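Here are some exercises to work through with the model open beside you. Try each task before reading its solution.

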Amino acid sequence: MLKKRLIPCLVLRNDIIVQSIGFKQYLPIGKAEIAIEFFMNWDVDEIILVDITATASGKKPNLELINHISKKCFLPLSVGGGIQSVEDAKNVISAGADKIIINTAAIHHPELLQSCASALGSQAVVLSMDVKKKINGQFEIYLNSGKQGTGLDPVDFAAKASRMGAGEIFLNSIDRDGMKNGYEIDVIKAVSDAVRIPVIACGGVGTMQHFVDGILKGNASAVSAANIFQHMEQSTIVAKAFMKKKGIDVRLISKANYDDFEFDELGRVLKSPRIKKTWWY
Amino acid sequence: MSQFIIIDYSVSNLSSVKNAMVYLNCDVKISNAIKDIEQASALILPGVGAFGEGMSNLRNLELIDVLNKAVLKDKKPILGICLGFQLFARSSSEMGLNKGLGWIDADVTELKVTNDLRLPHIGWNTISVVDDSPLLKDIPDPNFYFVHSFAMHDRPENTKVSTCRYGSDFIATIHKENILGTQFHPEKSHASGLTVLRNFIRFVEEYHA
């Protein structure tokens, strides 16, 4: 069985990992390589690294940083921010990323998805969309850290991107970012149901139950979050333990005994077992 | 110490594989120089990309004859990963019919999935070991990271395989004498994947012993 994936999203701002709130406020967390080292030991299935300042400041992807952190990242690493051409995409892959994430450039020039897919294969091309709910309840894709509307409907654009060769969709909600009130389930479900490529839900996770909702209600193939994972020991192990209790098929690491966790109804940990840190070799 | 050459044919996750081999204390080099391939103890053909482009890159680098000699005549151990593994087949139907290296009697075709399954097949899936192979010894967990839409489906003759199921069964690993391959990405499959790579290194050391 294909497992449902849990993916921490590391948000980079000027090469420092930050916590993002509403795409407006940013709290510094620390260095990317340290965060990745932790997550490697905490059962995550992949890692997403997004540089939110690259495009706005006209910078190219930081290949040196990608190269550095990929040296000890034995999990799939998706990298976004500042990718504007096939050349950029190839450079990011050569530097050690497994997938490229394109946001702004793909919205402006969807044919970039096609050229990246034919050069790197669809599986390496992730379309990222940041969406906002409009007053009429419809959703719209926004650019430039949520400042600039596009008039584009995320469901239509997802279908188009999929036809152009995108292999996955990373769907983030601007309204939910840092709000801890759960995923924007309606848009996740609408996009997931409209395409056959996997959808990664992001934005708004505040409790472990929200991951479960993203999969069971939003029909996402993978669930991602940033802030919730940053301030809690073994956060991703706890998340997986909870997802498993709720019947979701997640990848189990034999040495961490998931069944020994106890949760309250919100997914807060009541009892956690000792986890032997012998898994990683 | 065995010298491993990761074959550089332009569009690949070369550094990921190299990083994993370096982590396992391996003498490893990325190269497409004929001399390096000829002198290597073992080869790795990694892969991210499309089949047609992969073959045409090998052709443009004039590596096909070199690889045929190294693998079929000199019998050097080779590990193919994902696309690199698929190139071992006779052909692939990805974006038109393309001829492969033909070392394994199999054809690469699109995964046969029902409408409720998404493609590409991305993520962690469980393999079933059909025949024991040194490649799959002592794996801590049978889940590996896959990213692909195409695969070999039928077990070729004289090969040891493991399979994985996504819609229908496909080949997850193959072992035929000195030719080994994985459809999944061992370099991205955490401890289980590193175990597979370590097994390949041991296989090479014992092969040359």
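Helices here are DSSP runs of H or I with at least four residues, numbered from the N terminus. Keep in mind that this is a predicted model.

**Exercise 1.** Find the helix that holds Asn227(A), and decide whether this residue is buried or exposed.

*Solution.* Start with the secondary structure: Asn227(A) belongs to helix H9 of chain A, residues 227–230. Next, take the relative accessible area, which is 16% for Asn227(A). Buried means under 20%, so Asn227(A) is buried.

**Exercise 2.** Which residues is Asn227(A) in contact with, leaving aside neighbours within four places in sequence?

*Solution.* With those neighbours set aside, Asn227(A) is in contact with Gln19(A), Ser20(A) and Gly178(A). Now look at Ser20(A): its backbone oxygen lies 3.0 Å from a polar atom of the Asn227(A) side chain.

**Exercise 3.** Describe how chain A and chain B meet, beginning with the area buried between them.

*Solution.* First, the area: about 3,600 Å² is buried between the two chains, and carbon and sulfur atoms give 54% of this. Then the residues: 43 from chain A are in contact with 40 from chain B.

Turn next to the polar side. There are 21 residue pairs in polar contact between the chains, counting pairs with both residues at pLDDT 80 or more. The elements giving two or more residues to the side of chain A that touches chain B are helix H3 (86–95) and helix H5 (111–120) of chain A. H3(A) gives the most, with four residues. By class, that side of chain A has 21 nonpolar, 11 polar and 11 charged residues.

**Exercise 4.** Which side chains form the salt bridge between chain A and chain B?

*Solution.* The count between the chains is one salt bridge. Asp98(A) and Lys188(B) are the partners, with 3.0 Å from N to O.

Conventions:
Residues are numbered from 1 along each chain as its sequence is written. Chains are lettered from A and ligands numbered from 1 in the order in which they are written. This is a predicted model: local features need pLDDT of at least 70, side-chain atom pairs count only at pLDDT 80 or more; totals for chains, interfaces and linings use all residues. Side-chain values use heavy atoms; hydrogens and water are left out. Contact means heavy atoms within 4.5 Å. Buried area is the accessible area (1.4 Å probe) that two parts lose on being put together, summed over both. A salt bridge is a side-chain nitrogen of Lys or Arg within 4 Å of a carboxyl oxygen of Asp or Glu. A polar contact is a pair of N or O atoms within 3.5 Å; within protein, one must be able to donate a hydrogen and the other to accept it, and residues adjacent in sequence count only if both atoms are side-chain atoms. Ala, Val, Leu, Ile, Met, Phe, Trp, Tyr, Cys and Pro count as nonpolar, Asp, Glu, Lys and Arg as charged, and the others, Gly among them, as polar. Buried means under 20% relative accessible area, exposed over 50%, partly exposed in between (1.4 Å probe, protein chains only).
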